[in-house]
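Biologist: Please pick one part of this model and take me through it closely. Keep it brisk, and explain each term as you go.

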Amino acid sequence: MQEDPKPQNERYRNTPEGKRYHYIAQLCIGVAAAVLVLTYLLFRTEYVGGAISWLIGSMRAIFLGLAFGYLLNPLDNSIRRHAVRIFTAKGKCSPEKAQKRARILGVTLASLFGIGVVVALLMLIIPSFIDSISNLSSIISGNLEKVTAWVESHAGAQDNFSIIINRCVEAAQKWINEDLTKYASDAAGMIVSAGMQIVSYVMDFFIAFIVAIYTLMEKEAFARRSKKLLYAYLRPERANRVLDVCRHGNKIFGGFLSGKLLDSLIIGLICFLAMTVLGIPYAVLVSVVIGCTNIIPFLGPFIGGAPCALIILLASPQKGLVFIIMFLILQQLDGNVIGPMILGDRTGVSAFWIICSLLLFKALFGLLGTGMSIFGMIIGVPLFCVIDYVFSENVRRRLKRKNMNPLETDFENVQKYDMAEARFVPLPPAEAAIPFKVRIRNFWRKLTAVFKKKEKK
């Protein structure tokens, strides 16, 4: 009889019991490694956060380019479909050539559209911002002159109020003579640092558009390689679930972001028209700010509206009050008419979970910087919807394994699950509520009965 050339431990590993123990050992090692990593992260959050911030900062242009490519992808797909239909009409060219030409045309037009939107926003914001700052500075200087004249007119009095005013003036002069000169000495370094930061952001935007173009050109190759890796390293059923989650997430993100962008554009235009008609100052700047912050769900309009209202109040208190009333009406119009018409029920979650997701992802992404906290608020709601979808699918599969169909059961009225009959037992019907008059009459009868018993005693 020929001996098995494999060693004894190798033969034991191929048995069912050996495979089970091998799996348990791998699971224990994985759990121990995860516990060690989590412990390190809990006690070294500042170092980990700094490392992640450095990584995101160094790869900021790549991430920004991927975001631009994702936002321009629907426009690119639409242009490609129409271009292929035109190029293949009446046999003008083969389908392969039509696809190549459509890809080049779609990427070119989508990229030009994205560049045009960014340039238009900058041309609207920068001149309006400069004019607003100059107007505000003149208004504030005029108000300061009035306050100074009023202070000087009351400086000669000897009451307590005049003493307080004099002390405030002395403190302000001391701050100007001592602290402000110290800040002015550091102004050159701050200006140089701000200039370098602006140059860095400009370079990042330039690289991001190049990355977005390559992303649109190579998106089919990226999808093909990603699916190949999924089926190579995961079991087929798990790979199918991952692809299903990715498709559903893309549907949620694409629909939500495209709908929010269109909704924000409409709100910005309506705000500009209303402010122009009402004669409210800084119409262009305020409309752009409100339109951009409207992308953040639920809290975004108020984040952008509060500083805009303050700027307008400084310029003109009457116009500021008019703007606040107009802003509240605009938000009601957006929340009850425009938003539901464009977005519909894209999220499928209640307002409570929307607020929780905004605050949660704002805090999580805020560990990486202020800009990332805003990004977390933008993607918080659709990301929470994807997580809710994954969790709901897991719950549905678990209930099906137990022969409990979640679609045929109203869990709100479930009292318990009868193991013997393998069915859910509903709650008993609620008793009819006793009318208020009858409850008062019964209470009065009980009270009079108690007093009658005391009198008999």
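**A close look at helix H10**

Modeller: In H10, the buried residues are Ala283, Leu285, Val286, Ser287, Val288, Ile290, Gly291 and Thr293. Buried means under 20% relative accessible area, exposed means over 50%, and partly exposed lies in between, with a 1.4 Å probe and protein chains only. H10 is mostly covered, with 8 of its 11 residues buried. Helices (H or I, at least four residues) and strands (E, at least two) are DSSP runs, numbered from the N terminus.

A word on the model. It is predicted, so local features need pLDDT of at least 70 and side-chain atom pairs count only at pLDDT 80 or more, while totals for chains, interfaces and linings use all residues. Residues are numbered from 1 along each chain as its sequence is written, and side-chain values use heavy atoms, with hydrogens and water left out.

Now the approach to H10. Before the loop comes H9, with 43 residues. From first C-alpha to last, H9 reaches 62 Å, close to the expected 63 Å. That expected span is 1.5 Å times one less than the number of residues. Gly279 follows H9, and its phi is positive, near 75°.

Tyr282 sits in the loop between H9 and H10. Tyr282 also has a positive phi, about 60°, although it is not a glycine. Most residues other than glycine have a negative phi. Is Tyr282 buried or exposed? Tyr282 counts as buried because its relative accessibility is 12%.

Next, the core. A nonpolar core is a set of buried Ala, Val, Leu, Ile, Met, Phe, Trp, Tyr and Cys residues joined through side-chain atoms within 4.5 Å. The largest one has 16 residues. Met275, Val286, Ile290, Ile312 and Phe323 touch the most other members. Four elements give two or more residues to this core: H9 (236-278), H10 (283-293), H11 (300-315) and H12 (317-343). H12 gives the most, with 5 residues. In soluble globular proteins, nonpolar side chains tend to be buried together.

Look at Ile312 in that core. Contact means heavy atoms within 4.5 Å. Neighbours within four places in sequence are left aside here. Ile312 then contacts Met275, Ile280, Pro281, Tyr282, Val286, Pro317, Lys319, Gly320 and Phe323. So the loop residue Tyr282 and the H10 residue Val286 both appear among the contacts of Ile312.

There is a second, separate core of 12 residues. Its members include Leu257, Ile354, Leu358 and Cys385.

Two cysteines make a useful contrast. Cys292 is partly exposed, at 38% relative accessible area. Cys385 is buried, at 4%. How many disulfides are there? The count is 0, where a disulfide is a pair of cysteine sulfur atoms within 2.5 Å.

Finally, step back to the whole. The protein has 15 helices and 2 strands. Of its 457 residues, 24% count as buried. The two strands, S1 (414-418) and S2 (423-426), pair in the antiparallel sense over 4 bridges. Strands pair if DSSP finds at least two bridges between them. Lys416 has Val425 in S2 as its bridge partner. S1 and S2 form a hairpin with 4 residues between them, and Ala422 in the turn has a positive phi of about 55°.
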